[in-house]
Amino acid sequence: MRNWLLWGAWLLLTTIAKGQQVVHIDSSLNEHIFTYAQIEFLNDPHGNLNIHDVTQPAMQAQFRASLESTPQNRQLGAVCWYRIRIGHNREADKYYLLEFFDQTIDDITAYLPDTTGAFKKLQLGARYPFAQRWFRHKNFEIPLDNFRQDSAVYYFRIQSSQTADIIIVLRSIDRFVSYALSEYLTFGIFYGMILIFSFYNLIMFIAMRQRQYLYYVLYVMSVALYELCTDGIAYQWLWPNWPLWNQQAFAWPLLTMSIFALLFTSSLLHLKVRQPFLYRLINVVIGLRCLYFLGCLFINPYWFNYKFIELLPLAVAFYTGIHVWSKGYRPARFFVLGYAFLFVGFMLKFFIMLGYTWLNFGAISYYSLSCCFILEMFFLSFAVGDKVRLLKRKRDKAHRQMIRQMTENARLKDNLNKELEAQVKARTKEISEQAAEISRMNALLELHNKQLQTNVEEVSRARALSTSLDFEEFSKIYPDKESCLQFLADLKWTGPYHCRKCGNDNFYPGHQPFSRRCTKCSYEESATAYTIYQNIRIPINKAFYLTFLVYSSKGKISSHKLSEILEIRQSTCWSYASRITKMMEERKKALKNANGQGWSLLVLDDKEDG
């Protein structure tokens, strides 16, 4: 009984819907796009209707034929029902499917009739995980029953927060595979061109360090990410398991696209110098665009769908290019040409959204903005290159001017030098006699100073060798490493120099301070070599004072006291003090006859010397 009721209801529905144009399937049909009266719609503003409700005669009479070649959801977020009618043919030698061309539709509930009059429910849309789709394809595909012989009515409950084109295509499986492969190949070429543009300009940025290249790269990558979002490629390959993110992912590259486009405009056209007002205007627009994005993010995410807001930064950039070009800046001509294509593509989409359906040419209009993006990027690359050529021309001109100025400066310098040379000769002759007298007096003063300095140093060193001094006073005599190394060098080489390796008597200064390098075998001997300070690990001036303290105390000072005075570890002080004490014992006789040499007799290491 139930089957008879369903069958009766089905006959009633087909009778009511007989006014709708039927698309018939035959073996010659490969592809058909439903347009105008082939699609009928019913608005459901409250979303309360179900398939049982819309199949009632009262609701059937409320379906209206589409007056547009491609219907759109005029009320964002509202539910709208669509129906199409297909005349099946089991004699057809092909398998068929239905495809929704717009990948941004949030929710599609398809009701597929069977031969009993019941409906099979199929859930599709951008808000569901990608793996849920019947075909792993960026569009939404619905399989058809290819073994029916009657005419069937298909219902679709559609809800989307974005403006969606209800493009329903009937395709054979063979045509779908061919079309899908060609489409993905086209996408590969499209995104490949974007990567080439980005990589080339990134290399130019690294080479030339000009910010417009970086802004251009970031703008192009933003375009690529936005197109990936709107084409459904990003959802398929980048975040297939994040449908919630997929609903708003397009808004982020749309923001960065506007920001970097305006920054690129400002940098390329030198607005800060050429047009300060437009420079400030662009910064204000960037700020307003960011505020709008934050409002969408934290107040009402539904505002993200008002993409026409991008008309403001686009119009500002386009007007700026035209204005700067009118002022005679030649690189702006390619900039204006590129933005003209983008502006045309954007306005085409904008007018279609406003209801000018005669501008909608199906797939051509759908991909028009993508094509305009490519043309824009192409001409913007020319604009950047034109600017580089202009900068090169200015640089060459400045270089030539600089050469001419340098030549003129050289000529003036030669003339001035000749005049100065004559004056100098006259003045030199005048003061030559005075110079001779002054030189004689300076020589006498210098000799006197050297003698005085030598006497002071001898007295200081004598005190350091024979009397008891504190470290502060001792440090004034040997204040740093240089003075200590000089003392060791003077002590080691008081007599003639002899190379320890080959016996050669000639040397020249080595690489280290106060070292000597043999002119024959190139052996270099440092000032500390063959002394008790060779390979020392503490500051050498402290090592000097440690030697002085051990010597002056006749080896009776403790390592703890030395550590306290010198601020060196006790074990280190003990090691050096033991070595000095041992040497004092070995040179006891020589130290008795020190004759003012004091602890300096302990410096040279006879064992190393041997």
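**Buried strands, a four-stranded sheet and an exposed patch**

Tutor: In this predicted model, strand E6 has both of its faces covered, since Tyr96, Leu98 and Phe100 on one side are all buried, as are Leu97 and Glu99 on the other.

Student: What makes strand E6 count as mostly covered?

Tutor: Strand E6 spans residues 96-100, and five of its five residues are buried; the word buried requires a relative accessible area under 20%.

Student: How do you know that E6 pairs with strand E11?

Tutor: A pair of strands needs at least two bridges, and five bridges join E6 to E11, residues 168-172, with the two running antiparallel. Within this pairing, Leu98 has Leu170 as its bridge partner, and Glu99 stands opposite Val169.

Student: How do you know that E6 also pairs with strand E9?

Tutor: Here four bridges link E6 to E9, residues 140-143, again in the antiparallel sense, set against the requirement of at least two. The partner of Leu98 in E9 is Ile142, while in E11 the bridge partner of Leu98 is Leu170.

Student: Why are E2 and E9 said to stand at the edges of the sheet?

Tutor: The sheet is open and holds four strands in the order E2-E11-E6-E9, with antiparallel pairing. Strand E2 (31-33) and E9 each have a single partner strand, so one side of each is left without a neighbour in the sheet. On average, neighbouring strands of this sheet are turned by 20 degrees against each other, direction ignored.

Student: What makes helix H4 a neighbour that packs on this sheet, and which strands does it touch?

Tutor: Helix H4, residues 173-208, touches E2, E6, E9 and E11, and its direction makes about 110 degrees with that of E11; a contact here means heavy atoms within 4.5 Å.

Student: What makes the side chains of strand E3 alternate?

Tutor: In E3, residues 40-44, Glu40, Leu42 and Asp44 point to one face and are buried, whereas Phe41 and Asn43 point to the other face and are not buried. In a regular strand the side chains alternate between the two faces of the sheet.

Student: How do you know that E3 pairs with strands E4 and E5?

Tutor: Two bridges join E3 to E4, residues 64-65, in antiparallel fashion, and that count satisfies the requirement of at least two; Glu40 has Ala65 as its partner in E4. With E5, residues 79-87, strand E3 pairs over five bridges, also antiparallel, and there the partner of Phe41 is Tyr82.

Student: Why is Thr547 called buried?

Tutor: The relative accessibility of Thr547 is 1%, and the cut-off for buried is under 20%, so Thr547 counts as buried. Thr547 lies in helix H17, residues 540-552, and its C-alpha atom is separated by 9.2 Å from that of Thr581, 34 residues apart along the chain.

Student: Why is Leu291 called exposed?

Tutor: Leu291, a residue of helix H10 (residues 276-298), has a relative accessibility of 58%, and exposed means over 50%, so Leu291 counts as exposed. Leu291 also belongs to a nonpolar surface patch of about 920 Å², whose members include Leu288, Leu294, Phe298 and Trp303.

Student: How many helices and strands does the protein have, and what share of its residues is buried?

Tutor: The protein has 21 helices and 14 strands, and buried residues make up 46% of its 610 residues.

Definitions and conventions
Residues are numbered from 1 along each chain as its sequence is written. This is a predicted model: local features need pLDDT of at least 70, side-chain atom pairs count only at pLDDT 80 or more; totals for chains, interfaces and linings use all residues. Side-chain values use heavy atoms; hydrogens and water are left out. Buried means under 20% relative accessible area, exposed over 50%, partly exposed in between (1.4 Å probe, protein chains only). Axes are lines fitted to C-alpha atoms, for helices over the stretch in contact, and angles run from 0 to 180 degrees between N-to-C directions. Patches are made of residues with over 30% relative accessible area and no salt bridge: like charges are joined within 9 Å, nonpolar side chains (Val, Leu, Ile, Met, Phe, Trp, Tyr) within 5 Å. Accessible areas come from the Shrake-Rupley method with a 1.4 Å probe; for residues, only the protein chains shown count as cover. A salt bridge is a side-chain nitrogen of Lys or Arg within 4 Å of a carboxyl oxygen of Asp or Glu.
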